[in-house]
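Student: I am new to this kind of structure, and I would like to learn how to read it step by step.

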There are 4 protein chains.
Amino acid sequence: MSHNTFGHLFRVTTWGESHGPALGCVIDGCPPGIAFTPADIQRELDRRRPGKSRFVTQRREPDQVKVLSGFVPSDDGETLTTTGTPISLMIENVDQRSKDYGEIARQFRPGHADYGYFVKYGLRDHRGGGRSSARETAARVAAGAIARKVVPGLVVRGALVAMGEKRIEPANWDWDFVDHRDNPFFTPDPASVAVFSDYLDAVRKAGSSVGAVVEIVAEGVPAGLGAPVYAKLDQDIASAMMSINAVKGVEIGNGFAAAGLTGEENADEMRMGNDGRPRFLSNNAGGVLGGISTGEPVVARFAVKPTSSILTPRRSVDLEGRDVDVVTKGRHDPCVGIRAVPIGEAMLACVIADHYLRHRGQIGG
Amino acid sequence: MSHNTFGHLFRVTTWGESHGPALGCVIDGCPPGIAFTPADIQRELDRRRPGKSRFVTQRREPDQVKVLSGFVPSDDGETLTTTGTPISLMIENVDQRSKDYGEIARQFRPGHADYGYFVKYGLRDHRGGGRSSARETAARVAAGAIARKVVPGLVVRGALVAMGEKRIEPANWDWDFVDHRDNPFFTPDPASVAVFSDYLDAVRKAGSSVGAVVEIVAEGVPAGLGAPVYAKLDQDIASAMMSINAVKGVEIGNGFAAAGLTGEENADEMRMGNDGRPRFLSNNAGGVLGGISTGEPVVARFAVKPTSSILTPRRSVDLEGRDVDVVTKGRHDPCVGIRAVPIGEAMLACVIADHYLRHRGQIGG
Amino acid sequence: MSHNTFGHLFRVTTWGESHGPALGCVIDGCPPGIAFTPADIQRELDRRRPGKSRFVTQRREPDQVKVLSGFVPSDDGETLTTTGTPISLMIENVDQRSKDYGEIARQFRPGHADYGYFVKYGLRDHRGGGRSSARETAARVAAGAIARKVVPGLVVRGALVAMGEKRIEPANWDWDFVDHRDNPFFTPDPASVAVFSDYLDAVRKAGSSVGAVVEIVAEGVPAGLGAPVYAKLDQDIASAMMSINAVKGVEIGNGFAAAGLTGEENADEMRMGNDGRPRFLSNNAGGVLGGISTGEPVVARFAVKPTSSILTPRRSVDLEGRDVDVVTKGRHDPCVGIRAVPIGEAMLACVIADHYLRHRGQIGG
Amino acid sequence: MSHNTFGHLFRVTTWGESHGPALGCVIDGCPPGIAFTPADIQRELDRRRPGKSRFVTQRREPDQVKVLSGFVPSDDGETLTTTGTPISLMIENVDQRSKDYGEIARQFRPGHADYGYFVKYGLRDHRGGGRSSARETAARVAAGAIARKVVPGLVVRGALVAMGEKRIEPANWDWDFVDHRDNPFFTPDPASVAVFSDYLDAVRKAGSSVGAVVEIVAEGVPAGLGAPVYAKLDQDIASAMMSINAVKGVEIGNGFAAAGLTGEENADEMRMGNDGRPRFLSNNAGGVLGGISTGEPVVARFAVKPTSSILTPRRSVDLEGRDVDVVTKGRHDPCVGIRAVPIGEAMLACVIADHYLRHRGQIGG
């Protein structure tokens, strides 16, 4: 049992606060013999990095990863190979302007973890949100870069599919566009960029914020991962996604829409393929039936609430038990859902890597 | 790590198949000194029991629980007191008509776990769904009856809030009506009974099925349970709910609707109460902020897909790799979401009991 | 985390008290496709069973095991095959003469768990030792019978090597004699039977008790099981053996004797065998180096303290805080170390099965 | 489940190799509000540090600890207070003379983990022992410095009680002498220093090595920690001690000697104290009965085998399957048992801190 560890055989333990010297993670249980480069990790971190556009927080963090253990270098030092021992990754904090937080250090910010956190631990870290800060997710993204390499053929991609009241057009879905340099939103719909830009500019200038919906898809997941009761693959995906800051809902495949369907509409029929292997004719299940992967793409969506840090005063109380009005200045994402895309990908990759090893442990092969 | 265990300090391990001699669970970590009666458990099991109305499966299972360990009896034997040692609960299977399943024993039923289960384990339990059978949830409900007693003042209640395309009217919400004898749906809205009855009768007679949405509310949850990263209270709730058969989505508080709101709309403001304690002025968060309980009611909803066992033929394949058309005769729930209500309650009670002990372990008090 | 579970991927959870209706265990994580019979389990239980000779407790317990879940039967019902789902085993208690314990129900028996148990849980189970009773070990032996089948080629055997001040002659070691019907001691030295008989008869008639040393050897353990830091194979063996009632010491290979040796004496040298595979020329390490198995037989020994239930009055206190003199009448083993032999075998089999699956999970193959 | 984590609620995950840039640990689950200083940790590290006398390895490692997370500093920055979030500790490697290992990089050193490690992971870290290096234990000692502060009133001390064929005189036991500057052995017996010095000088000059026995005593352990079955306090102590490099045996209280005693001799009698609290009249049990602490000092001993790195050639094989003679040059401890004293203390402190939190979780108070 651990408060800061995720996974069973592929285990990720994260540590660090936004205003301490560094943050990082330890990956335990990664199989030996997997080649990777620090650049593989850095690429994912750069996708999540703040300060890349006017639509995300202006905090300047280079988020440079250091690989401290768990590998043998190649002779030229370029490529690292895992040894099966713990991989320790560290990211030093650079831009720790704690004065931004100073004025509200004794107030409970509405929508933030402040109140429950204080009741729980009996203290406030006056220098920021402590472990509730979204900076912790950098460590997850770093771990996810390793997880992606554990399952042969696994491809995990994500996209923003809704922002506030705006939604993408599914018919326009283009995976290649998600990481395009002219796309600050991880949207898969090129036509949506202008819509989201105008919308979020207005939100941002109003000092407001909006929520979002993110979809993550994993292809190349072997059939048979998961288990029927408390090791359901989708159960662990739900846990993983809900563990991301500001996430308030998770669904698999048709998700909540399935509640409105009939059995005829929702069931995924099968037929034998020409290659002698069974095929599903649809994927309403999102790649998981009865907690076990079917071999179809695993599809998860999660809802991110609007950033709670806004310029409009909100009623609250302070540590002294006084009524106060709180305005959260500082550098914040007007839509934290944007940067949640690489985080969601990382979490899904970690879940699948873990279940891949668990399956191999119990079943073999 | 365990495939059939849920929880960390309040741990429930379930075992048993629908067509074996019995099923049950072992509860490990329950504190000593808690008084309970077998009738406390039986009452919850009776709520979930099949065969109670024409709207649920006609399988006849008395679901009588036996308490095998973990208690000292009172002198009159009526009341049991937990000893802090494992509580073993067993329910014998009575109605094991495996012939119902015989004809499809070699087919993969669309929408069922059959295919992934077979790929994983390399075998079919020809006598039913094995561990994928919803009968396993009886053990959860039994465990939940104990979990409810672990946290002083905790009240966990659930209700069906949507069935297929029909929804309740929230303004009519009446908790007392949920367990009313004239209410076969666990709906909190008296006016919905007629609507759901007509609707589900039509579905049932057509040999079809529909999905549902269930809401579970826990009151009396102390502020401070959970943790900021991988022991988020809502993360474990999501895991628990998604572990229930046929659940495809989970949300907390505003859930997916939060994605469409602004920060002003979604934040729960606070003011000091007359008693000198802080009050939240709304509960959009569903009682959990940053993974930690706020003291407000914890509100979770989950989507249940339509029963996959339907009379309309569906295309599939069989173990020999032949295309087949599958019709799932036998006794099935036309809307499995109904009986998911007491199951959802049990899971939420287990999660909260577990976090209550975890909090006490790390923090004390 | 669990108080009553042992193992990670091959997980055994035991439950039940000596004076309740039954006891048992749930084995989670056993691979599918393993054939076994209830007789395989019963054979091991019969080896541990009380009442077999005048040298063990006269409590009469048939210890008949029921297999409740986790298998599919063969057509004739004789052979069961594991399905990969939890295997629930139950043993009903028959001989629950709780009156034996009545007179000391309010006293702390010296050498027993009574005092700490009471301080911990705030209650005494007035009907016996509760979970501290050695009856719990029947569940371990049952689980071990399954564990033995998980690792292909694994053979786990044990023997009593010392009783009080008497020791066997290692030169006489005969594994075949251990389970001989004329051997009530699990001694591997035929010449020791007369010595142990005379010695233990005297001890028994004096109402006294003696300790013992047990050695367990596992052959067919593949090289490479375990891990270098906190998943050392010998670490988990030490944990397993020390978890057996009355065990006060554990050692691997040369064990404590290694402390008195030089590096030259203790190191196991190697040479290539004629078959092109490396051979160890000795096994001072007991089959484990740096926490990882070497392929040599794994050799563990543990010390069992003398039974604390004796007829000589011992000074103690009671629940009311009064000085009392305690005499433990009733039916007790004069040397609990004897029946610890099959228990130690079972625990070693469980540890190795668990590490076999863990290794396969992380490394594959 | 984790290969590199120890503990359940007080969890320590270590990472790092002897020849990488750094090593360290993450402590998860430490309660909030505990004051400590980096000097508290450094003091323990300095006790374990190499290079302090001619009797330990001459590797020069300052072992300076950096505290990276999990605290709030006092205003003057001198004192840190735990926040309940993960405490990350890092120690940079300075003296990484990997050339020392070069010549035997392709040989399996007898008595070392090399062979099993290679079979397991399929690779050799040609720069040293990887995770099998005793350098990993620095991280344990750092974690133990925090663990010591978790249980109020806990005092954990250790001593070397035997080296090779030499033993201390128990009657001379003087805890204050253990850390005396003229005592390079952690012996509690001042008269033993000359004996051990002469003995170990001869061993060292011969290029040989010897084993040792270490005793660790924890005072101030509350009665009631542990649990009767698989969470026995002594079980976890056995696991902890056996997880230390080169340890081959563990015992509690009388340990193996208990096997030779009668029940009368071994039982610890009790009487009421003048203060109305029960007293044990002896401590043969070493502070643990039935897996639960009695309130008496917890006494554990462990056997350390002789260092396997010796100058006398030993027969072995190499990666190419050739017979070779191995001589382990380089800088090594002639008796690794000496530096095992602070390591054993750290492990015992961690076990007790963990059980203290586990007890509080299940039982409260």
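Tutor: We shall take a pair of copies, then a contact between chains, and then a helix. This is a predicted model, in which local features need pLDDT of at least 70 and side-chain atom pairs count only at pLDDT 80 or more, while totals for chains, interfaces and linings use all residues. Residues are numbered from 1 along each chain as its sequence is written, chains are lettered from A and ligands numbered from 1 in the order in which they are written, and side-chain values use heavy atoms, with hydrogens and water left out.

Student: Which rotation superposes chain D on chain C?

Tutor: Two copies of a chain are related by a rotation about an axis and a shift along it. Here a rotation of 180° with 0.0 Å of shift along its axis brings chain D onto chain C, with RMSD 0.0 Å (least squares on the C-alpha atoms of residues with pLDDT of at least 70 in both). That is the relation of a two-fold axis.

Student: How much area do chain A and chain C bury between them?

Tutor: Buried area is the accessible area (1.4 Å probe) that two parts lose on being put together, summed over both. For chain A and chain C this is about 1000 Å², 56% of it on carbon and sulfur atoms. R360(A), G361(A) and Q362(A) supply 48% of the area that chain A buries against chain C, more than any other three residues.

Student: Is helix α7 of chain D mostly covered or open?

Tutor: Helix α7 of chain D, a DSSP run (H or I, at least four residues), spans residues 233-242, and ten of its ten residues are buried (under 20% relative accessible area, 1.4 Å probe, protein chains only). Among them are L233(D), D234(D) and M242(D).

Methods
Buried < 20%, exposed > 50% of the residue type's maximum accessible area, 1.4 Å probe, protein only. Helix = DSSP H or I, 4+ residues; strand = E, 2+ residues; numbered from the N terminus.
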